[in-house]
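Reader: I should like to understand how the parts of this protein chain are held together. May we go through the model step by step?

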Amino acid sequence: DVVIAPGITYRQMTRPGPVVVQVLRPALAEPTLTPVVATGGTRVLELQPLGTIVGRLSGNAPAGATVAGAINGGYGLLKADQGAPIGLLIADGELLCDPWPTRRSCLVFGASGPPRLDTLSLHGTISTVDGKSMTLSGLNRPRLPGELVLYTPRYNPATRTREAGRQVVLGKVFADGAKLTAGGDFSGEVLACVDGLANVEIPADGVVLAGSGPAEAWLGER
């Protein structure tokens, strides 16, 4: 093994095939190591090479800190939905994608204690001023039939909808650089309602609620 930083060793293993495996082994007790979750770009659907991501992290690192190593930590969809991550994604405290399409296991870096593998679920509710509410199906990912999905500015410039339904645009949700966090409570005002098959722009300070089936009917009553 080669020591590349305090508490981190590197090894390359070659197997028949040929298969080449790069292994980074961190010492969890090393106090100078801090794990960081990074996205492929400024938005959820952006894709960048790992070296580009490392360069971005290095440029934004605090004085005296360096990026000792990096790995591809997740999976994404192909073809029409290329770039959409599969599974829960939280970076710098911001909730970016729910654990879909099923309750997938994820690697959790908590505020204290060692990293752990866990299985998490999305629990979100959309409520109106008249007290009517509906359960949120997903966040920042392709909408399946009958679902109610929330899109934030971190997803993409627009919703990339592939199925007809109703989309409600809300503004003034994120003020003064606020971001969507787990357990948070947010409100906004309706800017527009769009029916049919449309690629709706996501406001910089707001969200888009998109639904079909029962979710479309519920949005239509609001």
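Reader: Is lysine 172 buried or exposed?

Author: The model is a predicted one, and the accessibility of each residue is computed from it. A residue counts as exposed when its relative accessible area is over 50%. Lysine 172 has a relative accessibility of 58%. Therefore lysine 172 is exposed.

Reader: With which residue does lysine 172 form a salt bridge?

Author: Lysine 172 lies in the loop between S14 and S15, and its partner lies in strand S15, so the pair ties together parts that are 17 residues apart in sequence. The partner is partly exposed, with a relative accessible area of 38%. The closest N and O atoms of the pair are 3.9 Å apart, and the partner is glutamate 189.

Reader: How many residues apart in sequence are the parts that aspartate 195 and arginine 166 tie together?

Author: These two residues form a salt bridge, with 2.7 Å between the closest N and O atoms. Aspartate 195 is partly exposed at 47%, whereas arginine 166 is buried at 15%. Aspartate 195 belongs to strand S15 (residues 189–196) and arginine 166 to strand S14 (residues 165–171), so the parts they tie together are separated in sequence by 29 residues.

Reader: Which residue meets arginine 11 in a salt bridge?

Author: Arginine 11 is partly exposed, with a relative accessible area of 38%. Its partner counts as exposed, at 57% relative accessibility. The pair links distant parts of the chain, 10 residues apart: arginine 11 is in strand S2, and the partner is in the segment before S1. The N to O distance is 2.6 Å, and the partner is aspartate 1.

Reader: How many salt bridges does a search of the whole structure find?

Author: The pair of arginine 11 and aspartate 1 is one of them. There is also a network of salt bridges that links Asp98, Arg141 and Glu147. For the whole structure, the number of salt bridges found is nine.

Reader: Is glutamate 147 buried or exposed?

Author: Glutamate 147 lies in the loop between S12 and S13. Its side chain has a polar contact of 2.5 Å with the side chain of arginine 141. Leaving out residues up to four places away in sequence, glutamate 147 touches several others, among them Ser137, Ala210 and Ser212. Because its relative accessible area is 15%, glutamate 147 is buried.

Reader: Which residue has its backbone nitrogen 2.9 Å from a polar atom of the side chain of asparagine 140?

Author: Asparagine 140 is found in the loop between strand S12 (138–139) and strand S13 (148–151). This residue counts as buried, at 0% relative accessibility. Beyond four places in sequence, the residues that asparagine 140 touches include Val44, Leu96 and Tyr155. The backbone nitrogen at 2.9 Å belongs to threonine 152.

Reader: Which element supplies the largest share of the largest nonpolar core?

Author: In soluble globular proteins, nonpolar side chains tend to be buried together. Here the largest core has 17 residues, of which Leu148, Leu150 and Leu209 touch the most other members. At least two residues of this core come from each of S13, S14, strand S16 (207–211) and helix H2 (214–220). The largest share is three residues, and the element that supplies it is H2.

Reader: How many residues make up the second, separate core?

Author: This core includes Ala84, Ala91, Leu96 and Trp100. Among these, alanine 91 stands opposite glutamate 94 in S7. The second core is made up of residues numbering 16.

Reader: Which residue takes a positive phi in the hairpin of S6 and S7?

Author: Strand S6 (residues 89–91) and strand S7 (residues 94–97) pair in the antiparallel sense over three bridges. The hairpin has two residues between the strands. The positive phi, near 55°, is that of aspartate 92.

Reader: Which are the edge strands of the open sheet with the order S1-S2-S3?

Author: This sheet of three strands has antiparallel pairing. Strand S2 (residues 8–15) is joined to S3 by eight bridges, and glutamine 12 has glutamine 22 in S3 as its bridge partner. Direction ignored, neighbouring strands of the sheet are turned by 30° against each other on average. Two strands pair on one side only, and these edge strands are S1 (2–5) and S3 (19–26).

Conventions
Residues numbered from 1 in each chain as written. Predicted model: local features only at pLDDT ≥ 70, side-chain atom pairs only at ≥ 80, totals over all residues. Heavy atoms only, no water. Helix = DSSP H or I, 4+ residues; strand = E, 2+ residues; numbered from the N terminus. Buried < 20%, exposed > 50% of the residue type's maximum accessible area, 1.4 Å probe, protein only. Polar contact = N/O pair within 3.5 Å; in protein donor to acceptor, adjacent residues only side chain to side chain. Contact = heavy atoms within 4.5 Å. Pairing = 2+ DSSP bridges. Axes fitted to C-alpha atoms, helices over the stretch in contact; angles between N-to-C directions. Salt bridge = Lys/Arg side-chain N within 4 Å of Asp/Glu carboxyl O. Core = buried A, V, L, I, M, F, W, Y, C linked by side-chain atoms within 4.5 Å.
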